[in-house]
Amino acid sequence: MNVIDIHSHFFPKDWPSLTERFGGDDWPWLRHSADSNDDSAMLMCGEQEFRPIYSACWDGNKRLEEMDRDGVEKQIISATPILFGYERPVEQALYCAQLFNDAAREICQINPQRLFSLAQVPLQDLNASCKEASRAKATGHVGIQIGNHVGLKNMDDDTVLAFLEHCANEDIAIFVHPWDMMASERTKDYMMGWTVGMPAETQLSIVSMILGGGFDRVSSKLKICFAHGGGSFAFLLGRLENAWHHRDIARGKSKYPPSHYLNRFFLDTAVFDHDSLELLVKKMGCNRLMFGTDYPFPLGEQQMGQLIKTAPTLSDHDKQKLLASNAESFFDLRPISEQFQV
């Protein structure tokens, strides 16, 4: 089976000091091991340790080696959200976007037939975001990764929706990834920020798009996918549906009940459990799911593709849809010769 992983992350091995350029003491940087044989590094946020990573983040050959190990044909890389800079002045966030977008393209050049990239944008500014999205498409990115909110502005914010409309008009695919954690003070222990907070943020982004009227206002041409299986969205869809029908205030600005909008977005399959995957298929259908791993992080799928390949209730035809076919269409990853066939 062909396998395309749409959800994986990268870091450049090195980048110019953002602290020296802009000041401040909380910029991300990599602290590499002094041992030349050690391929690990520590992602730092100022002087605070944020996350241990290893060379697959920046070494395209290492990435391809592990893709071959697990039978992954193609992979789409995207920045880790700590690099977004949405809380920064727009000129700083734009500099970071261009810096890391160009770094992603450089990593992909090791094998441009197998490695592809999503760009980031300074989402806090509409004009800068649209310009960078258009530049990114022109330089070879297959889509844009955005966070699920900007400050207190959710996905139904006018500026965010205007950016999504721009991408719809230019046929730029969108991947929505949470960039911080809900209730961070209460989820600071035991990695609950990642296991509880981030999925909750993803669900919030979908619900805000639906109830905030986002899908009613943005062109149906928009191609948008949400990370982490949509969080708990599929499980709580019935609750949302019931509330919509029985409480006026629960309808928000949406014209239709939540289930009406399931054909307007995609989810990745980073759920790590057959029962969860089966629920996603029942709610979303096999045409609206794409394989994602969260590689190369410890909370990602360690044997890439095995969840879908071993799913007991899926036919081989449906497995192939989830593993590759849907992504080929969504991100236009077909061979060039096929793209120009009439």
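How closely do the axes of helix 3 and helix 4 (residues 126–138) approach, and at what angle do they cross? In this predicted model, the two axes come within 11 Å and cross at roughly 10°. Angles under 35 degrees count as roughly parallel, and helix 3 and helix 4 are therefore roughly parallel to each other.

**Helix packing**

Let us look at the residues behind that first pairing. From helix 3 come Val 90, Leu 94, Ala 97, Gln 98, Asn 101 and Asp 102, which meet Ala 128, Glu 132 and Arg 135 of helix 4. Sorted by class, this contact has four nonpolar, two polar and three charged residues.

A second pairing involves helix 8 (residues 233–246) and helix 9 (residues 274–284), whose axes come within 9 Å and cross at roughly 45°. That crossing makes helix 8 oblique to helix 9. Here Ala 234, Phe 235 and Leu 237 of helix 8 make the contact with Leu 279, Leu 280 and Lys 283 of helix 9. By class, the contact of helix 8 with helix 9 has five nonpolar, no polar and one charged residues.

**Aromatic pairs**

Now for the rings: a search of the whole structure finds 14 aromatic pairs. Two of them are set out below.

| Aromatic pair | Centre to centre | Angle between planes | Geometry |
|---|---|---|---|
| Phe 22 and Tyr 95 | 5.5 Å | 80° | edge-to-face |
| Phe 233 and Phe 265 | 5.8 Å | 75° | edge-to-face |

The pair of Phe 22 and Tyr 95 links distant parts of the chain, with Phe 22 in helix 1 (residues 18–22) and Tyr 95 in helix 3 (residues 90–108), 73 residues apart. Is Phe 22 buried, partly exposed or exposed? Its relative accessibility is 25%, so Phe 22 counts as partly exposed.

The pair of Phe 233 and Phe 265 also links distant parts of the chain: Phe 233 belongs to helix 8, Phe 265 sits in the loop between helix 8 and strand 10 (266–268), and 32 residues separate them. Phe 233 has a relative accessibility of 1% and counts as buried. Phe 265 is buried too, with a relative accessible area of 0%. Both residues belong to a cluster linked by ring pairs, together with Phe 215, Phe 226, Tyr 256 and Tyr 261.

**Charges over rings**

Rings also meet charged side chains in this model. Arg 88 places its charged end over the ring of Trp 27, at 3.6 Å from the ring centre. Lys 223 lies over the face of Phe 330, and here the distance to the ring centre is 5.8 Å.

**Two individual residues**

Which residues does His 166 touch, leaving aside its neighbours within four places in sequence? They are Cys 130, Ala 133 and Ser 134. His 166 itself lies in helix 5 (residues 158–169). With a relative accessibility of 18%, His 166 counts as buried, because buried means under 20%.

Finally, back to helix 8, where Arg 239 is found. Is Arg 239 buried or exposed? Arg 239 has a relative accessible area of 65%, so it is exposed. Between Arg 239 and Trp 194 there are 24 Å in space, C-alpha to C-alpha, and the two are 45 residues apart in sequence.

Conventions:
Residues are numbered from 1 along each chain as its sequence is written. This is a predicted model: local features need pLDDT of at least 70, side-chain atom pairs count only at pLDDT 80 or more; totals for chains, interfaces and linings use all residues. Side-chain values use heavy atoms; hydrogens and water are left out. Axes are lines fitted to C-alpha atoms, for helices over the stretch in contact, and angles run from 0 to 180 degrees between N-to-C directions. Helices (H or I, at least four residues) and strands (E, at least two) are DSSP runs, numbered from the N terminus. Angles under 35 degrees count as roughly parallel, over 145 as roughly antiparallel, 65 to 115 as roughly perpendicular and the rest as oblique. Contact means heavy atoms within 4.5 Å. Ala, Val, Leu, Ile, Met, Phe, Trp, Tyr, Cys and Pro count as nonpolar, Asp, Glu, Lys and Arg as charged, and the others, Gly among them, as polar. Rings of Phe, Tyr and Trp (its six-membered ring) pair if their centres lie within 6.5 Å; planes under 30 degrees apart count as stacked, over 60 as edge-to-face and the rest as tilted. Buried means under 20% relative accessible area, exposed over 50%, partly exposed in between (1.4 Å probe, protein chains only). A charge sits over a ring if NZ of Lys or CZ of Arg is within 6 Å of the ring centre and within 35 degrees of the ring normal.
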